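Biologist: I'd like to learn how to read ring contacts and cavities in a protein model. Could you walk me through this one?

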Amino acid sequence: MEKNMDENRKALIYLHASVLLAGFCGVFGRLITMNEVDIVFYRILFTIAILLVFVGLPRIGWRKFFQIMGCGALLGLHWILFYGSIKMSNVSIGVVCYALIGFFTAFLEPVVFHRKIAFREILFSLLTLVGLLLIFSFDTRYRIGIAVGAVASLVASFFLVFTKKVDEGISTRAITLYEMMGGMVGVIVSAPVYLWIFPPQTGVPAVPDTQNLIYLLCLALFCTVGQYMFQFLSLKQLSAFTVNLTYNLEPVYAIIIAFILFGEGREVNLSFYVGITFILASVVMQTRRTMKRRDGE
């Protein structure tokens with residue numbers, strides 16, 4: 001039991017390090033002046049290049065390779081929708097929508113792993129949902145961005161649950177590299193449909209200028225390679241629901257930064273802060289539950 005608690009603590013440290021890095025993703029989405037498809041294309045391209053330099057091409061079986069690539073394709077689509085949500089609204093709205101993945105995962109994970117739906121997970125998810133409804137009540141101008149962000153969170157839920165299902169016995173570096181390659185496939189396949197639905201304000205493809213290039217490299221190195229390495233390490237010990245629910249803290253980090261850098265605090269009211277409190281409460285309760293016993297038991 002003590003060993004399990006130590007492993008859970010270590011996994012939670014990895015998880016919160018991943019969430020902290022993820023908090024900067026939305027900020028870079030605002031700082032980078034390119035459209036969302038270009039952002040995701042270069043983010044994945046630079047990430048693959050970094051991983052190839054440092055980890056090479058790890059060997060895995062063909063079946064696992066295609067399974068991981070499929071998960072990566074979901075990730076690429078999620079990123080396009082995530083940055084699209086930010087471009088259509090603002091950083092605060094885009095990252096808060098990500099908190100919905102806990103709600104979707106509470107139903108999806110039991111189906112994939114053939115277990116009963118947990119009442120507590122539904123309760124924690126409902127707290128998050130209430131928080132989101134309160135947050136979204138402060139402005140109706142961003143309903144398209146909110147809708148796109150909700151779909152992005154649904155796709156992210158599928159990505160994390162299926163990644164947990166296929167990552168057994170595979171090294172973290174192999175999962176990260178091949179999911180990035182799958183992400184590139186996902187971008188190439190989904191981008192034409194996305195751009196047809198949401199025509200970009202800037203041309204596609206675009207070559208990044210110096211400032212955008214620096215931001216993209218930071219996004220790839222820290223917020224992709226670093227973030228997903230920590231995330232996959234945590235998934236080896238924690239449930240996908242715990243990981244997804246804890247990622248509800250990402251909006252808190254990103255919103256604080258956005259308030260400081262972009263002055264988005266002027267756009268919100270009391271209901272926004274009450275909503276954030278509900279989201280934080282759900283994360284704290286699930287974290288305490290995870291610390292007390294091994295996930296899934």
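Biologist: Let's start with charges and rings. Which ring does arginine 43 lie over?

Modeller: This is a predicted model, so keep that in mind as we go. The general idea is that a charge sits over a ring when the charged end is within 6 Å of the ring centre and within 35 degrees of the ring normal. Here, arginine 43 lies over the face of tryptophan 79, 3.7 Å from the ring centre. There's another case too: lysine 165 lies over the face of phenylalanine 113, at 5.6 Å from the ring centre.

Biologist: OK, now rings with rings. How many aromatic pairs does the structure hold?

Modeller: It holds 14 aromatic pairs. Take phenylalanine 159 and tyrosine 228: their centres are 6.3 Å apart, with 75 degrees between the planes, and the pair is edge-to-face. This pair links distant parts of the chain, since phenylalanine 159 is in helix α8 (residues 143-166) and tyrosine 228 is in helix α10 (residues 210-235), 69 residues apart. Both phenylalanine 159 and tyrosine 228 are buried.

Biologist: And why is the pair of tyrosine 194 and phenylalanine 198 called tilted?

Modeller: Look at the angle between the planes: under 30 degrees counts as stacked, over 60 as edge-to-face, and the rest as tilted. The planes of tyrosine 194 and phenylalanine 198 are at 50 degrees, with the ring centres 5.2 Å apart, so this pair is tilted.

Biologist: Are those two residues buried or exposed?

Modeller: Buried means under 20% relative accessible area, and exposed means over 50%. Tyrosine 194 has 5% relative accessibility, so tyrosine 194 counts as buried. Phenylalanine 198 has a relative accessible area of 25%, so phenylalanine 198 is partly exposed.

Biologist: Which residues do ring pairs link into a cluster?

Modeller: Look for Trp62, Phe65, Phe66 and Tyr178: ring pairs link them into a cluster.

Biologist: Last topic: cavities. What lines the largest cavity?

Modeller: Think of a cavity as a space where a probe fits but cannot get out. Searching the whole structure turns up one cavity of 30 Å³ or more, and the largest cavity holds about 90 Å³ of space. Some names from earlier come back in its lining, which includes Arg43, Trp79 and Tyr228. Cys25, His78 and Glu250 are also among the lining residues.

Biologist: Which helix gives the most to that lining?

Modeller: That's α4, with three residues. Both α4 (62-88) and α10 supply at least two residues each. Sorted by class, the lining has seven nonpolar, two polar and two charged residues.

Definitions and conventions:
Residues numbered from 1 in each chain as written. Predicted model: local features only at pLDDT ≥ 70, side-chain atom pairs only at ≥ 80, totals over all residues. Heavy atoms only, no water. Phe/Tyr/Trp six-rings, centres within 6.5 Å; stacked < 30°, edge-to-face > 60°. Helix = DSSP H or I, 4+ residues; strand = E, 2+ residues; numbered from the N terminus. Buried < 20%, exposed > 50% of the residue type's maximum accessible area, 1.4 Å probe, protein only. 1 Å grid on protein atoms, 1.4 Å probe; cavity = no way out; pocket = protein on both sides within 12 Å on 5 of 7 lines; lining within 4 Å. Points joined across faces, edges and corners; volume = space filled by probe spheres on them. Nonpolar A, V, L, I, M, F, W, Y, C, P; charged D, E, K, R; others polar.
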